[in-house]
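Please look through the sequence and the structure shown here before reading on. The report that follows takes up the sheets, the cavities, some backbone details and the confidence of the model.

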Amino acid sequence: MSEERPKNESDESDEFDEIVGAETDRDPDLAVIEAGSRTLRAQSGPPQGDGIPTRPADPEVDRALREVEGELAKRWPETKLEPSLVRIESLMDILGSPQRAYPSIHITGTNGKTSAARMIESLLGAFELRTGRYTSPHVQSITERISLDGAPISAERFIETYQDIRPYIEMVDAQQEHRLSFFEVLTGMAYAAFADAPVDIAVVEVGMGGSWDATNVIDAGVAVIMPISLDHTDRLGTTPEQIATEKAGIVKQDATVVLAQQPVEAASVVLKRAVEVDATVAREGMEFGVLSREVAVGGQLLTLRGLGGEYPDVFLPLHGAHQAHNAAMALAAVEAFFGVGSQHARTLDIDTVRSAFASVTSPGRMEVVRRSPTVVLDAAHNPAGARAAAEAVTESFDFSRLVGVVGTSDDKDVRGLLEAFEPIFAEVVVTRNSSHRSMDPDELAAIAVEIFGADRVQVEPRLDDALEEAITLAEEEGEYAGAGVLVTGSVVTVGEARLLLGKG
């Protein structure tokens, strides 16, 4: 796509070549999620209007929503997969193919998908397009997963959408060997809600993988592939190459692929898929990327290189180098959607881009939810995400001492996650969340003791007790006056911590 740029840009490429060189020298397994320069402690507090809905105030609406949630919970959980699109395709057919009623941007990868989706949504909305966004899992409310115009759909609309397509769900259930899963039903609801709105464009995050993911019944003109690392290895494969093969399945005929930096073997798989379907590839660090990032109060100030040129002085109210790279991915995806780099070579309106990024939120991702002491939430749940979180909290907060609260799922690389946090946690309080997949605290503690030593590990089986203990440790005076708390390990842990700390 770089061939479409004006020829007079060649003289300005020296700075970008330095960035490319720096990117290339980084450990490829860490891809774009690894870290950059030192920053200052954030002073502005958490952003307002995070887009996380609370329970409905109307008791009848709350009761009806709980009934829907109960019915969905009886289906296969989203962690149980069968490599088939038969059921979701049957539902789409019987609904009249609502997913074909609008163009879409499809996002896969291991880390950064939800943040990138939120940024893409914000950019498209700033250009006065009506957006639908489908992301998973949710932090606190199931209605977060389906958003219209940048906000989760109301509980009433969520219930209405489910009731509207329920007869068709039951018809498919009756025809198939297995009923539609929890995730398949939600995917059908999202696509139906987007068509009903109607939206100008849908921003869709895969649930897991790509080829066989229920979302992959769309023909997205832009496929975004975020950094690929090892996660869900029991379902997607044990090497980056195997996982990339599954994720590359979202790349459709004649699409544009926006590709984050990847392990070489993963990138090769994606490029091969692009050749097979005549897709155009835009590569981070080559056709686009992060030129510079500087500390700013409450976030960071970026200069991004897009497919059409440079975008200086872009304020992003999120912490961490990984979020800067997510922003570069989001910008390139929106440029590709608008034809920048292929149909014409020019930047998008810079003021609109700046406004869009300045309004981005990403709940549960380096999110400050309390001051004195500062409590930060981050939904890192695999080693790559933990490394990014550790780097981000180190560069963005001037903590004299950091206490970790960790609750993980039992199917994750827990040892790798804890090892990533060991250098930054003075102490760690291990706990569990309410999910049936949550790891037993004693088992988690046994691993933590091997990594941190017994004197740095505490066990609190209840999350509320774990938070209280960590905050108490952080409130100690004297040399620890600048201590903070990082809650991490799982989206569920972070969501429940948000509620306990008064956010929603």
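## Terms and model

Two strands are said to pair if DSSP finds at least two bridges between them. The model described here is a predicted one, and this should be kept in mind throughout.

## The sheet of three strands

Strands β9, β10 and β11 form, in that order, an open sheet whose pairing is antiparallel. The edges of this sheet are β9, which covers residues 289–296, and β11, which covers residues 310–316, and each of these two pairs on one side only. From one strand to the next, the twist averages 20°.

Between β9 and β10 (residues 299–305) the antiparallel pairing extends over seven bridges, and within it Val-295 has Gln-300 of β10 as its bridge partner. Helix α10, made of residues 321–337, lies across β9, β10 and β11 and runs at about 40° to β10.

## The sheet of six strands

Another open sheet is built from six strands, which follow one another in the order β12-β13-β17-β14-β15-β16 with mixed pairing. Its edge strands are β12 (367–370) and β16 (457–459), each of which pairs on one side only. When direction is ignored, neighbouring strands of this sheet are turned against each other by 25° on average.

At one edge, β12 pairs with β13 (residues 374–377) in the antiparallel sense, over three bridges, and here Val-368 stands opposite Val-376 of β13. Helix α16, residues 491–500, packs on the sheet and touches β12, β13 and β17 (483–488), while its direction makes about 125° with that of β17.

## Cavities

How many cavities of 30 Å³ or more does the structure hold? There are two cavities of 30 Å³ or more, and the largest has a volume of about 110 Å³. Fifteen residues, given as 15 in the count, line the largest cavity, and those closest to its centre are Thr-114, Arg-118, Arg-133, Thr-135 and Glu-144. Taken by character, the lining of the largest cavity divides into five nonpolar, five polar and five charged residues.

## Backbone details

Two peptide bonds to proline deserve a look. Ser-136 and Pro-137 are joined by a cis peptide bond with an omega of about -10°, and Pro-137 has its place in the loop between β2 (131–134) and β3 (146–148). A cis peptide bond also joins Ala-197 and Pro-198, with an omega of about -15°; Pro-198 is found in the loop between α6 (182–196) and β5 (201–205).

Met-366, although it is not a glycine, has a positive phi of about 50°. This residue, Met-366, lies in the loop between α11 (350–358) and β12.

## Confidence

Over the chain, the mean pLDDT is 87, and 87% of the residues reach 70 or more. Over residues 1–13, however, the pLDDT is below 50, and this stretch has 26 contacts in the model beyond near neighbours in sequence. The pLDDT is also below 50 over residues 15–48, a stretch with 84 contacts in the model beyond near neighbours in sequence. Where pLDDT is low, the predicted coordinates should not be read in detail.

Terms used. Residues are numbered from 1 along each chain as its sequence is written. This is a predicted model: local features need pLDDT of at least 70, side-chain atom pairs count only at pLDDT 80 or more; totals for chains, interfaces and linings use all residues. Side-chain values use heavy atoms; hydrogens and water are left out. On a 1 Å grid over the protein atoms alone, a cavity is a set of points where a 1.4 Å probe fits but cannot get out, and a pocket is an open set with protein on both sides within 12 Å along at least five of seven lines; lining residues have an atom within 4 Å of a point. Grid points are joined across faces, edges and corners, and a volume is the space filled by probe spheres set on the points. Ala, Val, Leu, Ile, Met, Phe, Trp, Tyr, Cys and Pro count as nonpolar, Asp, Glu, Lys and Arg as charged, and the others, Gly among them, as polar. Helices (H or I, at least four residues) and strands (E, at least two) are DSSP runs, numbered from the N terminus. Axes are lines fitted to C-alpha atoms, for helices over the stretch in contact, and angles run from 0 to 180 degrees between N-to-C directions. Contact means heavy atoms within 4.5 Å. pLDDT is the predictor's confidence in each residue, from 0 to 100.
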